Amino acid sequence: MSASRLLVSGIACLIDFDDAGPSRPPASAVPTVRSGVDLLIEDGRVIEVGVGLPAGTAEVVDASDRVVLPGFVDTHRHLWLTALRGLTAETDLGGYLELVAGRLGPRFTPDDLRASAYFGALECLDAGVTTVQDYAHAMRSPDHADAAVSALDASGIRAVFGYGFPVFSTSRDLADIRRVRERYFPTDNGLLTMALSPMGPSYSPIESVREDWKLARELALPIAVHVGAGPVAERPIATLEREGLLTAGTVYVHGNSLPDEELRLIASSGGSVAIAPAVEAQMGHGAPMIGRLRAAGIGYGLGVDVVTATAGDMFTLMRAALVTGYLGEGTRPSPADVLRAATLGGAEILGLAGKVGSLRPGKRADLVLLRADAPNLLPLHHDPVGTVVSSAHPGNVDTVIVDGRVVKRDGALVAGGLPAAREALLAAAHRIAQ
């Protein structure tokens, strides 16, 4: 537990972004970089950033050799797959779907799912990811849904719980979506909020799509959905437009195979895109997206997607986004562009920019402190943003704060019960994959 007042004092390097203006990617992200400043937190909120702020009764966190950033925002991850880490590092999308979705997914009991999602959330926090959209497409029963929500709640992470049904499943318990909304998410003001994560027009018949979008509107839930050119709808965004289902605030995941006409529809409708550059390159989803999204004026964020195929930290994602962005169409992204996508950009597309994504006074206090004196970050002063994006790794994460609470201190998670959580994860992993 942390004090209700925290003073992050004497910050060696504070990197932040101005979140004034529309929720669209700027022509070029311009970070604010400051040194020697303090950051005051009270009751979970950033109160002031300035020089020589009085500590008063606040707990003081010495940041004189720390880089301070907004907490990272992962816009697309399947936390329930943590127990299958590394299992598809050498396979393509078809092999992943056959093995994970087809064979192993049905073996997850509610207890397995809870253990896997909980440990996945701790992995996020350990690496400085303070917000995650958990695309939970493993809801085989109400007990699975209860387990997934309880795992997020116990971890202390900020999360958007995306209720989704399993790939290849023909069973759709829409009543349970209503139950979960009413029981766990009666408002949208908590640390945990809810979204609907349907199969969508690319992968399900239009009758199901109509039902899902109607339910999302009824329950006032945002939608996050995988999209691609086929196998069901070659033009999924045009299909949604034709059905009157294009909705502002929808997060479209991947979309690498979509033509420019589809991207223009996303832009005009107020939608955004979650890209997973590491997995998309490894599994052959299609051409890199950042240049095309920027040209179309579409907001975007970064996502791990699955740790069955790639690392679960934002540093890996930023480097993948930077490198694949050089290989794709359009303007090359800068290190500042991808750092913005990993923080404020991600918060924008999840509809959370009013709460997190930057460290402006009034925002909720989600932040990460990196060791500026680490061998891989020295010297930092030439280009702090370029150094963090090109060289930092999870081992540099010293302190993580979520909603004003310290969840990692001096390089170690403060959550109790970690040995038991490890044992539960390993037991689930052995049982599922035996």
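# Pockets, cavities and cores: worked exercises

The largest pocket has a volume of about 680 Å³. This is a predicted model, where local features need pLDDT of at least 70, side-chain atom pairs count only at pLDDT 80 or more, and totals for chains, interfaces and linings use all residues. Residues are numbered from 1 along each chain as its sequence is written, and side-chain values use heavy atoms, with hydrogens and water left out.

**Exercise 1. Work out which residues and elements line the largest pocket.**

Step 1: get the terms straight. On a 1 Å grid over the protein atoms alone, a pocket is an open set of points with protein on both sides within 12 Å along at least five of seven lines, while a cavity is a set where a 1.4 Å probe fits but cannot get out; lining residues have an atom within 4 Å of a point. Points are joined across faces, edges and corners, and a volume is the space filled by probe spheres set on them.

Step 2: find the centre. The lining has 40 residues, and L97, V167, M199, Y203 and H226 lie nearest the centre.

Step 3: go up to the elements (DSSP runs numbered from the N terminus: helices are H or I, at least four residues; strands are E, at least two). At least two lining residues come from each of α1 (93-104), α4 (174-184), α5 (206-219) and β12 (224-227). The largest share, three residues, belongs to α1.

Step 4: sort by chemistry. Ala, Val, Leu, Ile, Met, Phe, Trp, Tyr, Cys and Pro count as nonpolar, Asp, Glu, Lys and Arg as charged, and the others, Gly among them, as polar. That gives 21 nonpolar, 16 polar and three charged residues in this lining.

**Exercise 2. Do the same for the second largest pocket.**

Step 1: this pocket holds about 320 Å³ of space. Of its 24 lining residues, P222, I349, L350, G351 and L352 are the closest to its centre.

Step 2: β11 (192-196) and α11 (335-349) each give at least two lining residues, with the largest share, three, coming from β11.

Step 3: the split is eleven nonpolar, eight polar and five charged.

**Exercise 3. Find what lines the second largest cavity.**

Step 1: searching the whole structure turns up two cavities of 30 Å³ or more. The second largest has about 40 Å³ of space.

Step 2: its lining is R158, A159, V160, G190, L191, T193, L352 and K355. Strand β10 (residues 158-163) provides the largest share, three residues.

**Exercise 4. Describe the largest nonpolar core and the helix that gives the largest share of it.**

Step 1: a nonpolar core is a set of buried Ala, Val, Leu, Ile, Met, Phe, Trp, Tyr and Cys residues joined through side-chain atoms within 4.5 Å. Buried means under 20% relative accessible area, exposed over 50%, and partly exposed in between (1.4 Å probe, protein chains only).

Step 2: the largest core has 115 residues, of which F72, F161, I177 and M318 touch the most other members. Its largest share, eight residues, comes from helix α2 (residues 110-126).

Step 3: look at α2 itself. Of its 17 residues, 13 are buried. Its expected span (1.5 Å times one less than its number of residues) is 24 Å, and its end C-alpha atoms are 24 Å apart, so the two agree.

**Exercise 5. Is T310 buried or exposed?**

Step 1: place T310 in the loop between β15 (300-302) and α10 (314-327).

Step 2: T310 counts as buried because its relative accessibility is 17%.

Step 3: list its contacts (heavy atoms within 4.5 Å). Leaving aside neighbours within four places in sequence, T310 is in contact with A278, V279, V304 and T316.
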